[in-house]
Each structure stands twice: as structure tokens, then as C-alpha cells.
Amino acid sequence: NHDDRDPRRAASERQTAGTRNPIVMVLSLTCAVQNYDWGIKGGCEVSSLGELNTGAPSDPSKPYAELWMGTHPSGPSVVSATGAGLKETIAADPTAHLGAKTVERFGDDLPFLTKVLSVAKALSIQAHPDKTLAEQLHADRPNVYKDANHKPEMTLAVTEFEALCGFVAGDVLAANLGSVPELRAVVGQATADAFVASPGGKDELRKVFTALMTADATVVGAQVDALAARLHAKPDKTPVDALACRLNEQYPKDVGVLCAYVLNYLALKPGQCIYLAANEPHAYLAGECIECMATSDNVVRAGLTPKLRDTAILCDMLTYRAGSPVVLDGERVDDCVVRYVPPFDEFMLETVTVAAGVTYELTPSQGPCVYLVHCGACTVGGEVAGRGSVLFAAAGDTTVVAAGEEGATLYRATINSRVYA
């Protein structure tokens, strides 16, 4: 059986039972690069991976913030061989690409979006809506809230990665209301006293945060200036004090500077991961990461941003859970794979490290997978790949990674295996 086609294509094309035609099981993708204000200028993961992925040279004068891998209309991936959108390619035969169970559970589109983030300065204090709120926001203001989906997410540190994430425990906030007079002044003495008297109460926490976030901008600005002056003269700054100073340099007089004393400050080491449910407050501060989320771009913002602030909605939507967030170190599956499993259906992440010259067969998923080659060179399902290559593997594909002479490290995003259990 002589085959004239590209041998790589032939290697990755397999008959899929019960579908109209054989589909290409592993597709190389060309992805979207986003240049946002908070991104890194002059060389970073996003500029380097983006340049290698798209073939377009990066501009050292521009900030490079995000590389998007998926089907979201704000940054859709394209199938490199055909020039067709990944979304449209999947839509031509959703069951073959996504698997019957995925289509039944999530519909005809890839249910997760994977990104690389390169963060030079703080992103806004934000939360992502749950499904009910997302539907309402999208119906009311589709120009701002561009889809009706919720957006749980997880963040895996590639470099050391700093974030504010969830509310500090009640006793910590009570102590901060006592030791940070500027925070107390903005919140108001009566609201602060009520919280200190009942530091575990969600209602009291809601009142403190709402008072802080809705305070008059002139009052906030004056108190942030006072805080910065006091900290400048303070010899024994805590890590949170140092963070407040840094945030004030990035966003002078902003209410987000005071949030350093209200939200948990985390510094993740490479390979550590956090996850964020809907309606939890957070702000990424610095570093580079891989992020996976439900396919949505809905963000409700209220600080550390030049963009629209929806403070009333943010204060109303939060769960007001308090305490340290869960940090995942990943579960080692075997010599090659470390798996990060959040409590969400739409996605999970794996790091795949294959030594030089080794061929490794990944555990097949009953759903689709997206691969990013982070370093080294390899073939993925017969497609030749190197740093910056992004590949889509259809549901059920037994994907084999054959590493070249320098080995290869990949990230794999896929649907949480509990969906198929």
C-alpha cells in the first residue's frame, strides 16, 4: 500500500470508529499572542514561545503577556496545515475530535483554554463569575462580558510566581486591622471593630472588603500615600509590606495596595500549582506560568487596573471563604509524568518529561488533549515538534512522544479524568 502523502500526516491519521471519515488525530496549531500592559518586555516565555510557534518575530518594545491555546474567539488557534480554525475543525466532526462523552457533557467545543502568562506587574484584583452570574452579565453587557461561561482556573508556576489569592484567615485580618492604621482608616473604625469582635464571620468580612473597595478614591489615595511614607521609614518590613510598596509603585494611590493586607500573598516555586474556583478574589503579581481554565474570558475587576471596574458586582459575588489556599505539588504518575488535578471537571494539567532518545506513550484520554512543547525536540503523534510547538490530539488518541537527543519537556492539558470515570 504505497502512500504518497506527507509521512508525518500519514503517521498521525487513524480511522476513528463510528465517524464519517478518518480525521487527523494530532494537529499542529498556530496560536494567538496577547500584548497586554502588564506583560514582560524584552524577552520572556510568551515572546519566545510565541515567536517559535507563529514564526513572527517578537518586538522588544512591546509587553508580551499571554499565549492562548484553544478555541476562544478572542484568541483562536489555527490548524497550521490547513489554515482553518481549531474551533471550526472540531465543529466539522465534534464526536471524532472531542469524544462522545465530552460532547454530551460540554457540547461541540473544546471546554478548556490553556495559556502561558508572562507577568511583569500586577494584574487586576479580580474574580471570575460562576455560570449563573456569567449568563446574567453576558445578557446585560455582552460588550464587556463576552461569553456566558464560568471560569474556574489553575495556575502552574514555570518560574517563581507570586499571587494574591483568597482572603487571609480571620485572625490575620483582625491583626492587620490593628497594625495597619491606613487600612483601618479606609475601612472605618466601626466596621473594623465589628470584624475584630467576630473575625470568623462571612458577613463581617464582606462588610470590611466592601467598605475598602467602595471607599472614596481621594480618601484611599491619601491613606495609601500615608502607608507608603510610613513603610519607607520602617526598617523591618514584612514581605507583605514590601509587596504593598511595590504595588504602590505600579499603581499609585490604588485601593489594591491595601488588598495586600486582606488577601493571601503566595510565592509559588516552579512546579507548584494553585487553583481558583469561581467567585474567589485573586491577583497575579509577577512571574511566568501555565494556566488552564474553562473556555471563558469573563473577568470582574476592582483594583490595580486601568480597565473598567465593577466593584459592586465583585463585592456581591464573592464567597468570602477565608484561609490559606491549597497549593498542589502534583502527583507523580511515573518517571515521566506529574499530574495536577483540580476539583473542576473541565481540565487538569500534566508535565511530561521524556529523556533523550526515549519513546513514551501517554495515558490516552477519552477527551481531547492540548500539548505545549516547552523545551527540547520530539515527535508528538508523528508530528515533528520543538520548543513552542502546540498540538491538539483528538479523543482516545494513543499519543507517543519520541524525544530527540536533548530530551523534551511538554505540558499536557486535558479534561479531568473524573468526567469519564
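Which residues lie nearest the centre of the largest pocket, and how many residues line that pocket? Good morning, everyone; I will take that question before moving on to a cavity and to two pairs of helices. Please keep in mind throughout that we are looking at a predicted model.

The largest pocket is lined by 36 residues, and those lying nearest its centre are Tyr36, Asp297, Val299, Arg301 and Lys307. The space inside this pocket comes to about 580 Å³. If you want to find the lining along the chain, look at β5 (66-69), β7 (112-119), β13 (282-294) and β14 (300-303), each of which supplies at least two of the lining residues, with β13 giving the most, namely 4 residues. When the lining of the largest pocket is sorted by class, there are 16 nonpolar, 8 polar and 12 charged residues.

Let me turn from the pocket to the cavity. A search of the whole structure for cavities of 30 Å³ or more finds 1, and the volume of the largest cavity is about 30 Å³. Its lining is made up of Met69, Thr114, Val370, Tyr371, Leu372, Tyr411, Arg412 and Ala413, and the elements that give two or more residues to this lining are β20 (369-380) and β23 (400-414). By class, the lining of the largest cavity divides into 6 nonpolar residues, 1 polar and 1 charged.

Now for the helices. Two packed helices are described by the angle between their axes and the distance between the axes. In the first pair I have chosen, helix α9 (residues 189-197) packs with helix α10 (residues 202-213) at an angle of about 150°, and their axes are 9 Å apart. Angles over 145 degrees count as roughly antiparallel, and α9 and α10 are therefore roughly antiparallel to each other. The crossing of α9 with α10 is left-handed. On the α9 side the residues are Thr191, Ala194 and Phe195, and they meet Glu204, Leu205, Lys207, Val208 and Ala211 in α10; by class, this contact has 5 nonpolar, 1 polar and 2 charged residues.

In the other pair, helix α11 (residues 217-233) and helix α12 (residues 239-250) pack at an angle of about 125°, with 10 Å between their axes, and that angle makes α11 oblique to α12. The crossing of α11 and α12 is left-handed. Val224, Leu227, Ala228 and Leu231 of α11 make the contact with Asp241, Ala244, Cys245 and Asn248 of α12, and the classes here are 6 nonpolar, 1 polar and 1 charged. Thank you for listening.

Methods. Residues are numbered from 1 along each chain as its sequence is written. This is a predicted model: local features need pLDDT of at least 70, side-chain atom pairs count only at pLDDT 80 or more; totals for chains, interfaces and linings use all residues. Side-chain values use heavy atoms; hydrogens and water are left out. On a 1 Å grid over the protein atoms alone, a cavity is a set of points where a 1.4 Å probe fits but cannot get out, and a pocket is an open set with protein on both sides within 12 Å along at least five of seven lines; lining residues have an atom within 4 Å of a point. Grid points are joined across faces, edges and corners, and a volume is the space filled by probe spheres set on the points. Ala, Val, Leu, Ile, Met, Phe, Trp, Tyr, Cys and Pro count as nonpolar, Asp, Glu, Lys and Arg as charged, and the others, Gly among them, as polar. Axes are lines fitted to C-alpha atoms, for helices over the stretch in contact, and angles run from 0 to 180 degrees between N-to-C directions. Angles under 35 degrees count as roughly parallel, over 145 as roughly antiparallel, 65 to 115 as roughly perpendicular and the rest as oblique. A crossing is left-handed if the near helix is turned anticlockwise from the far one by less than a right angle, and right-handed if clockwise. Contact means heavy atoms within 4.5 Å.
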